[in-house]
Amino acid sequence: SDEQAIWFLMLDRLVNIKGKMHLEAELPQHRNILEAVHTELMQRALDKMSAYVPLPRIVRKMTDDHAETQLGELRDMILSMLDTYLYEINIYHTSVNLVASDLHQLSIRRQRLKGNGIPIHSVRVSGNIVHLTDMTMRDG
């Protein structure tokens with residue numbers, strides 16, 4: 001889709017920008033700061049991107065198109081995304097199991113209540129009340 005294409009274009013530009021920064025010409029302190037800012041930008045972009053693009057497509061794109069890129073943090077970002085993905089899957093499975101358990105308990109309760117019925121102690125028949133406990137007739 002167009003939305004995913006835009007996200008991938010942004011990802012490509014963020015990855016390619018590091019090569020254009022010429023960090024080897026910077027002082028070590030400045031280089032560290034610039035690398036940290038770039039890594040933070042990549043992490044935030046990937047985090048936001050994962051809400052619009054399926055994780056397998058993101059990982060495939062990063063490993064296919066940017067495999068030669070010297071981004072050591074790329075590996076850490078992918079692992080972090082996979083950890084988050086696994087955590088979300090575990091939450092979904094737990095939620096499904098809880099709902100299934102609750103549904104089962106409600107079904108058992110419904111069956112129990114369905115079999116119990118409502119106790120009737122008396123019935124009005126032709127203006128007379130019939131008490132089912134002693135089966136005597138009284139005027140009503």
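A pocket, as the word is used here, is an open set of grid points with protein on both sides within 12 Å along at least five of seven lines. With that in mind, let's look at this predicted model.

The largest pocket holds about 230 Å³ of space. Its lining is made up of Q43, L46, D47, S50, L55, M77, S80, M81, T84, Y85 and E88. Helices α2 and α4 (72-116) each supply at least two of these lining residues, and α4 gives the largest share, with 6 residues.

Now to the helix pair. Two packed helices are described by the angle between their axes and the distance between the axes. Helix α1 (residues 2-20) packs against helix α2 (residues 28-49) at about 165 degrees, and their axes lie 11 Å apart. Angles over 145 degrees count as roughly antiparallel, and α1 and α2 are therefore roughly antiparallel to each other. The crossing of α1 past α2 is left-handed.

On the α1 side, the contact is formed by W7, F8, M10, L11, L14, V15, I17 and K18. These meet E35, H38, L41, M42, A45, L46, K48 and M49 of α2. L46 thus appears in this contact and also in the lining of the largest pocket.

Here is how the residues of the two sites divide by type:

| Site | Nonpolar | Polar | Charged |
|---|---|---|---|
| Contact of α1 with α2 | 12 residues | 1 residue | 3 residues |
| Lining of the largest pocket | 5 residues | 4 residues | 2 residues |

Conventions:
Residues numbered from 1 in each chain as written. Predicted model: local features only at pLDDT ≥ 70, side-chain atom pairs only at ≥ 80, totals over all residues. Heavy atoms only, no water. Axes fitted to C-alpha atoms, helices over the stretch in contact; angles between N-to-C directions. Helix = DSSP H or I, 4+ residues; strand = E, 2+ residues; numbered from the N terminus. Parallel < 35°, antiparallel > 145°, perpendicular 65-115°, else oblique. Left-handed = near helix turned anticlockwise from the far one by under 90°. Contact = heavy atoms within 4.5 Å. Nonpolar A, V, L, I, M, F, W, Y, C, P; charged D, E, K, R; others polar. 1 Å grid on protein atoms, 1.4 Å probe; cavity = no way out; pocket = protein on both sides within 12 Å on 5 of 7 lines; lining within 4 Å. Points joined across faces, edges and corners; volume = space filled by probe spheres on them.
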